[in-house]
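Please read this briefing alongside the sequence and the three-dimensional view. The topics are a helix and the strands beside it, the sheet, and the nonpolar cores.

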Amino acid sequence: MPEGHILHRLAGEITEKVGGVAVHSSSPQGRFAEARELDGLTVGRAWARGKHLFVPFEGIAEQVHIHLGLYGALTVTDVGELPVVGQVRWRLQSTQHTFDLRGPTRCELLTPVEVDAILDRLGPDPLDPLADPEPAFARMKRSRLPIAQLLLDQRIIAGAGNVYRAEVLFRHGLDPFIPGHAFERDAFDAVWADLVDLMRLGVKHGRIDTVRPEHEPEAMGRPPRQDDHGGEVYVYRRANQPCLVCETPVAASSLASRNVYWCPICQIPD
């Protein structure tokens, strides 16, 4: 599932390429009937909160809400490029660019009240410059669940997914299975600040890179990582491979139906 930086990046791309432009809106697949209500309208400034993308239009109060889920993808093509192949839920088209949405969990036209209801369910987003992390810390301190599980709860922190979860815990030497009520304030603050920095880099570069300069391939004389998500990481999807810091095999387990990765030495409990 795309993590929050992808949705923020898509929001920026929509705004850059079709913001302020009257567009043709359609649903080639036929499953987003409201698309025709938007045909000919001018796109406003798209925005994201966590893993949710919102596309407003001038002259109406409703906004399109998109949640990509596990299989969704929003692809942009420029004029003259080959069109997207497959079942397109929503097509947003200007004279220069086409955005094709396929396979999302949600694509719907929502009223302001419905948008607010979604936002009310979400925790603070590290990519929101006005976000207050205090409610996230308070919720974690009231829980006995492992911090690795709590970091994926979008009601606590919106936008962080499995990659950022694994990597930020490694970068701060934190045992993934520490219960939330034992999470110290200084450790939480360091994790939050790191999420802010790492996710901003993710928006900028369109990929998740979490290794420090001294552990990059060139510095260590190792080949670049080959993985679908396309980034240099410490532990994510590196089960049984040597830790880049201590060379201990990276451990992996299942937690709340999601894979969790960690180094048994670098993240050893105190």
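Across which strands does helix α1 lie? Helix α1 (residues 4-18) lies across β5, β6 and β7 (97-102), and runs at about 150° to β7. This is a predicted model, in which local features need pLDDT of at least 70 and side-chain atom pairs count only at pLDDT 80 or more, while totals for chains, interfaces and linings use all residues. Residues are numbered from 1 along each chain as its sequence is written, and side-chain values use heavy atoms, with hydrogens and water left out.

**Sheet**
- Four strands (DSSP E runs of at least two residues) form an open antiparallel sheet in the order β1-β6-β7-β5.
- β1 (24-26) and β5 (73-78) stand at the edges with a single partner strand each, so one side of each is left without a neighbour in the sheet.
- β1 and β6 (residues 90-93) pair in the antiparallel sense over three bridges (pairing requires at least two DSSP bridges), and His24 has Gln93 as its bridge partner in β6.

**Nonpolar cores**
- The largest nonpolar core (buried Ala, Val, Leu, Ile, Met, Phe, Trp, Tyr and Cys residues joined through side-chain atoms within 4.5 Å; buried means under 20% relative accessible area with a 1.4 Å probe, protein chains only) has 42 residues, of which Met140, Ile157, Phe183, Phe188 and Leu195 touch the most other members.
- The largest share of this core, eight residues, comes from α6.
- Leaving aside neighbours within four places in sequence, Leu195 is in contact (heavy atoms within 4.5 Å) with Pro126, Ile157, Ala160, Tyr164 and Val168.
- A second, separate core of 25 residues includes Leu53, Val55, Leu68 and Leu109.

Conventions: Buried means under 20% relative accessible area, exposed over 50%, partly exposed in between (1.4 Å probe, protein chains only). Axes are lines fitted to C-alpha atoms, for helices over the stretch in contact, and angles run from 0 to 180 degrees between N-to-C directions.
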